[in-house]
Every structure is written in C-alpha cells, then in structure tokens.
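Below are some notes on this model, set out as numbered points. They begin with the ligand and then move to the core and to single residues.

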Amino acid sequence: MANLICLGAARQHAGERIGVNPTEQGAGCIPQPRVYATASLHDVGVRALSVLGLGAVAMRTVPMDASRRRADSEALERMIDADIAAGCTPVAVIATAGDVRTGTVDPVDRMLRIAHDRGVWLHVDGAYGGFGVLDERVRSLYGDMGAIDSLAVDPHKWMAVPLGCGAAIVRDGALQQRSLVIGRPDFHHFDPATRADVGSPFDEFGEGSLYSSVDFSARSRSLTVWAALKEIGMDGMRARVRRHLDCARRVAELVRMNDRLELVAEPELSICCFRYIPAGSSREPSTVLDKFNEAVLKGIRARGLSVPSSAVVDEKFVIRPAFVGPNTEIADAELLVREVLAMGDQLSAR
Ligand SMILES: Cc1ncc(COP(=O)(O)O)c(C=O)c1O
C-alpha cells in the first residue's frame, strides 16, 4: 500500500506536469507512461502499476551495472532520453534501498539526479532496507534522502511492530492528496463553508489518514511505531540496525573462512547470501548444488534452531538469513553457520 500511495503521487505529478489530471481523467490521459526500475523491483511495485492503470506495459527494466545487483545509471539516463524523444511520458524512477534478495541499495543519488534533471519523480522502495540509513557505515549509500520525492518503508519489518504497518512518506503532501481525492466529502469533520478541519479536544489522539490513504477509516497503525520508539528510542533503533548489519558481516566472515561454504553476495545491509559446497563440487551454477542446498535449508529449518529463508542469486539457490529480529544477536548468526555446516556435512556424507 505504501508503494501504491507513493506511485499514485508520482502518477499525479507526471499528469500535472503535462497539464492533465489523472485522478479525474483516468490514467489514459498520460501518453505512454513509463516507470523505470531494475529487475530487483519487488512484485508489489508491479502490482501498484497495475492498480494505478499504468499497467505492466509501463515498466522499463533498467539493466544492472557490473556488480549485477545495482541499477546501471548510465543505461537509465539513455533509456529515459530515448523514451522522451519517442513521445513517452516518464512517470517515476524507482530506486530500491535494500533489495529483497540480497539487500543491495541502488545508487539513489545518481538516479535522483537523472530523474530530477528531467523533472521526473524519484521514488525509493525502502520497505526492508530504509532503516539501514541509521547506520553511519552505510549511510552514504542512501544519498540525499531529503531530496527524494517519496519513500516506502515498513515499520513492520526492521522495527518489528505488528504486521500491516507500512509507511508512505511523500514530500509534497498536497499533491499526494490530489492523487486520491476528487473534491472533499462534506462530512462532519469539516466546516462546509471553509472546508477546513473542525477542531476538537480529541484531535491530540491523532488524525488518521482520511485523505492520504486508500482506505478512509483505519486502525491507528502509527501508534505501534510511536510505542516502539518510546521503548527503544532512535538510539535503540540505531543500535539494532547496527547489530544486524554486524550479524550479516559475521556470517560473511565465517563463510569466507570455510572452503565448504561459498559467499554468493557480499552483505550490504543485514542480508547475507551463501551456500554449502560439498567437497569436490565446482562452484558453477548447477541443479545438483541447488537441490543440495534446498535440502540443507529444509533440514535446518525443520530442526528449528535457525530459520533462514532462501533466494536465487546469480542463478544459484542460496541460503539467505535476513537479520531483523529484535532479539537476534551475533551468537545467533554464528549458530546459523554451524547449523548449515553440520547439515551440509551430514547430507554429503549420505
Ligand atoms: C523491497 C521490498 N518492497 C516491498 C515489499 C513488500 O512489503 P510487504 O511484505 O510489507 O507487503 C518487500 C517485502 O519483503 C520488500 O522487501
């Protein structure tokens, strides 16, 4: 929902830039809309395009750079310019700050400059990785977060508040409301003459998001964020993020020290992708190794001491711990590596 709301604002921005109003006229008033992101874009981004009436056809897949994980900004620049020359309308550039498979952060600053030089909206999907900005060691990856147009970030991930709490942060609040609201309904909270909010002593309990979200009434999701911050504060949150980045780095360090393990993606945030290599096996992508690592993962998940997830990275099935649990410590990261080694040894002995 957070990504949908942010991209809805981007659609409104693109429309107003060329003198049309998609909220009223429908998405068809924007000629050949285009949205730019790499293949790492989370599926919810594509769903948002569909709901917004832009369609998957609007999606332009930006190639990755030599790291094979981040957007190639030069290619992005060429694609947008070619599209503009062909009469298309760039609606948004989407940078992912913490991709779901490896936790890699796109070059936000470069993408921002390219987008803004052409009057295009820059959205950041930081659903998982947005909070990584709190760790000084990786702060520069995020560039100038104050200059981006919108950010989606999930307090229900790294902040560990109850599920269903995503946040859409949009710089231009008035534009964001225009992207959803056609006129204002004459409900009791508004003075019909002035359309201004009618204040009450209960306002201090919070306004909700009547005009900035898709639903009208909703439970107070932000209360859980407030409570988490009240409990651990900014410093506590920063310490948590730092500890989780340390966990991923510790896994990488242990993996590098052991020739039965292969580090498939160097951790950037709190995700580390690696796999077990039975003695004598090549490290090339292979179905046999994939199946073997699936069995390792299944085995350790069934034991339940460590429950990492998986991903496919560079055509390899990898074990993918994503450290976000509030109680997870370095010792848990070390335990995970021991579990993988023990299960891999056991299965290869068979
Ligand atoms: C980058 C990114 N975007 C969007 C999502 C979807 O968020 P949610 O699971 O809160 O719907 C995720 C979930 O993992 C994600 O990592």
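1. How far is a nitrogen atom of the ligand from an N or O atom in the side chain of Asp125? The separation is 2.7 Å. The model is a predicted one, and this distance, like the others below, should be read with that in mind.

2. Two further polar contacts involve oxygen atoms of the ligand. A polar side-chain atom of Asp154 is 2.5 Å from a ligand oxygen. For His156, an N or O atom of the side chain lies 2.8 Å from an oxygen atom of the ligand. On its own the ligand has 390 Å² of accessible area, and the protein covers 74% of that.

3. The residues around the ligand are His42, Val44, Gly98, Val100, Asp125, Ala127, Tyr128, Asp154, His156 and Lys157. Sorted by class, this shell holds four nonpolar, three polar and three charged residues. Asp125, Asp154 and His156, whose side chains make the contacts described above, belong to the shell.

4. Which residues touch the most other members of the largest nonpolar core? They are Val93 and Leu122, in a core of 45 residues. Helices α4 (73-85), α5 (108-117) and α7 (221-256) each supply at least two residues of this core, and so does each of the strands β3 (89-96), β4 (121-126), β5 (150-153), β7 (261-265) and β9 (309-313). The core draws at least three residues from domain 1 (2-182) and at least three from domain 2 (232-349). As background, nonpolar side chains in soluble globular proteins tend to be buried together.

5. Thr89 is in strand β3. Is Thr89 buried or exposed? Its relative accessibility is 6%, so Thr89 counts as buried. A polar atom of the Thr89 side chain lies 2.5 Å from the backbone oxygen of Pro31.

6. Ser213 sits in the loop between α6 (173-178) and α7. Despite the loop position, Ser213 counts as buried because its relative accessibility is 14%, and the cut-off for buried is under 20%. Ser213 and Met1 are 212 residues apart in sequence, but their C-alpha atoms are 8.4 Å apart in space.

7. The loop between β9 and β10 (316-320) contains Asp314, and Glu315 is placed there too. Phi is near 50 degrees for Asp314 and near 65 degrees for Glu315. Both values are positive in residues other than glycine. Most residues other than glycine have a negative phi. A reader checking backbone geometry may wish to look at this loop.

8. How do these two residues compare with the accessibility cut-offs? Asp314 has 22% relative accessibility, so Asp314 counts as partly exposed. Glu315 has 64% and therefore counts as exposed. The bounds in use are under 20% for buried and over 50% for exposed.

9. Val318 is in strand β10. Val318 is buried, because its relative accessibility is 0%. The C-alpha atoms of Val318 and Ile232 are separated by 33 Å, with their positions 86 residues apart along the chain.

10. Where is Gly344? Gly344 is in helix α9, which spans residues 330-349. At 0% relative accessibility, Gly344 also counts as buried. Gly344 and Gly299 are 45 residues apart along the chain, and 9.2 Å separates their C-alpha atoms.

Key: Residues numbered from 1 in each chain as written. Predicted model: local features only at pLDDT ≥ 70, side-chain atom pairs only at ≥ 80, totals over all residues. Heavy atoms only, no water. Near = heavy atom within 4 Å. Polar contact = N/O pair within 3.5 Å; in protein donor to acceptor, adjacent residues only side chain to side chain. Areas by Shrake-Rupley, 256 points an atom, 1.4 Å probe, with all protein chains shown as cover. Nonpolar A, V, L, I, M, F, W, Y, C, P; charged D, E, K, R; others polar. Core = buried A, V, L, I, M, F, W, Y, C linked by side-chain atoms within 4.5 Å. Buried < 20%, exposed > 50% of the residue type's maximum accessible area, 1.4 Å probe, protein only. Helix = DSSP H or I, 4+ residues; strand = E, 2+ residues; numbered from the N terminus. Domains from an automatic or database assignment.
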